[in-house]
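Please work through the exercises below with the sequence and the model side by side, trying each task before reading its solution.

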Amino acid sequence: MSVDKGIFHDKQRDTYDFHESAATPWRSDDEVERYVPTHCCYCGVQCGMNLKVAGGKVVGVEPRYDFPVNRGMLCPKGTTVYQTVNHPDRLTSPLMRRNGKNSPLEPVSWDEALDTIARRFRAIQGEHGKDAVAVYSGSSMTNEKCYLMGKFARVGLETRHCDYNGRLCMSSATGANDRSLGIDRAANPISDMLHSDVIFVIGANVGECFPIVTSWLWQARDRGAKLIVADPRQTPIARTADVFLPLRSGTDSALLNAMLHVVLREGLVDEEFIASRTTGWDEVKALVEQYPPERVAKVCGLRAETIIEAARLYGGAKAAMLYTARGLEHQSKGVDNGVAAVNLALATGNFGRPGAGYMTLTGQGNGQGGREMGQKASQLPGEREIENPEDRAYIASVWGIDEKDMPHAGYAATLMIPAMERGEIRSCFMICSNPMVSLPDQHTTERALRALDFFVVCDFFFSETCELADVVLPGNVWCEDEGTSTNLEGRVIKYNQAVDPPPGARRDWEIVCELARRLGKGQYFPYQSAREIFDELRVATKGAKADYFGITYEKIDRQNGVFWPCPTEEDPGTPRLYEDRFGFADGKARFHPITYLPPAEEPDAEYPLVLTTGRVIYHYLSGNQTRRTPFLLEEAPYPWVEIHERTAEQLGISDNDWVTVRTRRGEMTVPALVVKSIRPDTVFIPYHYGHSQAANILTNPVLEPMNKIPEYKVCAASVTKAVHKPDWAEGVDPARLRAARGRRRRLPSTGESQGPAVR
Ligand code: SF4
């Protein structure tokens with residue numbers, strides 16, 4: 001990665017509405033010619049913003065006060081996102097290795113790049129079968145592009161292997177929603193929080209990963225809501241929680257079962273709701289009787305009294321919201337954890353009312369829409385199923401193909417990697433993904449991608465994954481096109497185009513349609529605009545669970561977003577689900593008994609600590625954009641390992657020491673950030689960095705059996721003082737990190753972690 005040091009940055013002026021850069025020289029007295037209302041493209045909150053345009057360039061941003069989710073606020077990522085648009089690192093020409101894998105990537109014309117791709121895909125499919133070429137897509141793209149990628153795979157390439165990076169993000173949430181509630185969407189709008197008297201957040205670092213949601217939390221607190229937080233780290237919102245449960249990573253379902261045990265024992269279940277709106281309670285009731293808090297406390301590393309206090313608080317609420325995110329879901333038992341959370345909410349009748357519900361906070365910008373548009377291995381648009389004969393026939397009719405020609409289910413993204421390694425998948429078209437940072441067990445991922453005969457990546461910045469590609473295609477950033485995105489509430493919003501892509505780059509959908517044409521499938525991809533793709537996807541989702549048929553661009557503008565399902569143009573949309581019925585044919589939610597099972601890897605003599613990974617406020621996912629944004633890079637320039645001061649003392653480690661973290665997959669050397677805000681048996685590394693700074697060198701690729709999400713949040717690790725500094729240590733002053741993260745040091749001890757720090 002390179003960052004242009006010439007980019008202007010003045011911390012004093014780094015407010016939401018005033019930036020300038022060497023790439024977009026702009027003086028404060030210049031006239032802003034246009035304000036383009038749109039949304040931040042980063043996290044699932046999808047805050048409203050106005051982009052400032054002058055001289056054909058995006059020169060600044062201000063938050064929108066009229067968008068009800070952020071109402072005049074943006075986080076550090078949102079205030080700086082516009083700096084990616086004119087960044088000097090933008091890719092502006094296709095790159096290709098003309099003479100094999102060992103030749104350099106060099107600029108080529110679009111014609112040469114696209115003709116080469118079409119020729120190589122045809123040759124590989126001719127020799128090894130259609131399924132030898134895979135599509136690996138992303139969820140930070142518009143609904144239109146997500147829809148297009150699923151269609152391109154099944155119609156353009158006729159391959160069954162199509163999946164996306166939401167597999168690494170939202171697939172546990174999907175599994176739990178589908179199993180328990182019958183609809184894969186947040187149950188409530190975010191504003192419902194203001195009607196809750198108790199809010200329970202488990203496995204969600206709201207303050208850093210969904211910063212603007214924090215303001216809703218504080219407003220709810222101002223109105224008297226109590227806050228329960230469960231997390232192995234004392235995250236920013238945990239600091240002021242009424243009850244903080246610093247549980248051991250990977251023990252979420254045990255905690256949730258124990259809370260339900262207390263709720264049951266103390267007569268706090270909602271018998272009427274259970275009887276009229278659910279099935280399966282008796283099995284769950286029998287199971288949770290085996291989870292008394294006194295026993296579970298030892299499993300979770302908590303005090304039984306704290307579990308009881310949390311359960312009484314949640315169970316006694318008139319209206320409680322339960323929020324989860326990747327902390328609970330990035331586990332080999334991620335679906336079970338989500339189901340256990342839903343069990344607790346169902347047993348207490350917390351669904352279908354203002355302030356009562358359950359919500360998995362989506363990490364990627366379009367983490368919700370991206371999982372509905374038919375780019376998943378077993379899915380067709382609208383959350384239709386690729387193995388369901390009726391769904392196949394309907395989508396085949398929309399696409400104008402014979403149902404017999406529709407491929408069947410393929411590999412999940414995480415299963416594509418071993419298929420590449422063993423030569424079953426021999427080529428891949430990848431868009432909007434950076435697995436050389438984001439997939440676990442990076443050494444295996446690199447081997448698999450290098451094993452491909454032919455690898456194409458479409459992106460707007462040169463990522464770590466582009467380094468392994470045979471062809472790189474320069475695409476567009478979010479404000480160079482229009483299209484829709486679905487935020488963490490299920491609200492469909494619209495990006496408006498502010499500027500054109502820079503000369504040499506093209507819009508992603510234009511690239512894919514042109515490639516389809518060169519593959520001889522142009523008649524299926526006749527679109528002249530994103531709007532035309534949207535109009536087709538409306539029809540494709542008609543009558544499905546995720547029904548977008550009644551949503552139009554005009555209606556989104558008029559209503560400031562439309563919640564799906566929205567079956568007709570007269571329908572205003574559905575902000576709150578489950579008011580009358582759940583998503584199954586009989587209208588009832590499903591209880592499922594969840595037996596606690598430990599994580600795949602537990603600490604032992606060789607690896608005595610638990611490693612967990614996650615995000616920081618300054619970076620988005622693999623960091624391919626935010627590491628190029630000067631202010632964000634300055635605040636979090638490289639990874640570190642957070643380690644409790646007691647553990648550090650036992651290991652002879654001081655703050656700022658270089659330490660080596662080892663797991664069964666590999667090792668990395670980073671500075672130590674000695675804190676009081678993490679369990680003594682746990683260490684944390686942020687995952688936004690590449691190469692030897694990638695936390696995913698260490699993580700465990702073991703998968704959740706049903707939905708195939710990796711266990712990013714728990715593996716066994718050791719930490720020792722480093723013998724050598726890493727290759728990137730030159731010029732790095734870890735004390736600078738302390739200055740940036742200093743506030744965390746002064747937090748009070750969690751006080752609840754039990755047992756020796758290092759076992
Ligand atoms: Fe809003 Fe998320 Fe963008 Fe921050 S990153 S401004 S919270 S959408």
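The exercises that follow concern a predicted model, and they treat helix packing, a sheet and a salt bridge.

**Exercise 1. Determine how helix α7 is oriented relative to helix α13, and which residues make the contact.**

Step 1. Begin with the axes: those of α7 (residues 252-265) and α13 (residues 334-347) come within 8 Å and cross at roughly 15°.

Step 2. Angles under 35 degrees count as roughly parallel, and therefore α7 and α13 are roughly parallel to each other. Their crossing is left-handed.

Step 3. On the side of α7 the contact is made by D252, S253, L256, N257, M259, L260 and V263, and on the side of α13 by N337, A340, A341, N343, L344 and A347. Sorted by class, this contact of α7 with α13 holds eight nonpolar residues, four polar ones and one charged one.

**Exercise 2. Describe in the same way how α7 packs with helix α10.**

Step 1. The axes of α7 and α10 (residues 293-300) come within 9 Å, and the crossing angle is roughly 165°.

Step 2. Since angles over 145 degrees count as roughly antiparallel, α7 and α10 are therefore roughly antiparallel to each other. The crossing of α7 and α10 is left-handed.

Step 3. From α7, the residues A254, L255, A258, H261, V262 and R265 meet P293, E294, V296, V299 and C300 of α10. The contact of α7 with α10 comprises eight nonpolar, one polar and two charged residues.

**Exercise 3. Establish the strand order of the seven-stranded open sheet, and find its edges.**

Step 1. Reading across the open sheet, the order of its seven strands is β5-β4-β18-β17-β16-β6-β7, and the pairing is mixed.

Step 2. The edge strands are β5 (105-107) and β7 (162-164), each of which pairs on one side only. On average, and with direction ignored, neighbouring strands of this sheet are turned by 20° against each other.

Step 3. For one pair inside this order, take β4 (residues 95-97) and β18 (residues 471-474), which run antiparallel and are joined by two bridges. L95 has V472 in β18 as its bridge partner.

**Exercise 4. Place helix α18 relative to the sheet strands β16, β17 and β18, and then relative to helix α2.**

Step 1. Helix α18 (residues 508-518) lies across β16 (427-431), β17 (454-459) and β18, and runs at about 155° to β16.

Step 2. Helix α2 (residues 110-128) packs with α18 at an angle of about 55°, their axes being 9 Å apart. That makes α2 oblique to α18, and the crossing of these two helices is right-handed.

Step 3. The contact is formed by W110, D111, L114, D115, I117, A118, F121 and R122 of α2 together with I511, E514, L515 and R518 of α18. By class, the contact of α2 with α18 has seven nonpolar, no polar and five charged residues.

**Exercise 5. Find the salt-bridge partner of R90, and say where along the chain the two residues lie.**

Step 1. Side chains of opposite charge can pair when their charged atoms come close. R90 forms a salt bridge with E480, with 2.8 Å between the closest N and O atoms.

Step 2. R90 is in the loop between α1 (76-80) and β4, whereas E480 is in the loop between β18 and β19 (483-486), so that the pair, 390 residues apart, links distant parts of the chain.

Step 3. To set this pair in context, a search of the whole structure finds 49 salt bridges.

Terms used. Residues numbered from 1 in each chain as written. Predicted model: local features only at pLDDT ≥ 70, side-chain atom pairs only at ≥ 80, totals over all residues. Heavy atoms only, no water. Axes fitted to C-alpha atoms, helices over the stretch in contact; angles between N-to-C directions. Helix = DSSP H or I, 4+ residues; strand = E, 2+ residues; numbered from the N terminus. Parallel < 35°, antiparallel > 145°, perpendicular 65-115°, else oblique. Left-handed = near helix turned anticlockwise from the far one by under 90°. Contact = heavy atoms within 4.5 Å. Nonpolar A, V, L, I, M, F, W, Y, C, P; charged D, E, K, R; others polar. Pairing = 2+ DSSP bridges. Salt bridge = Lys/Arg side-chain N within 4 Å of Asp/Glu carboxyl O.
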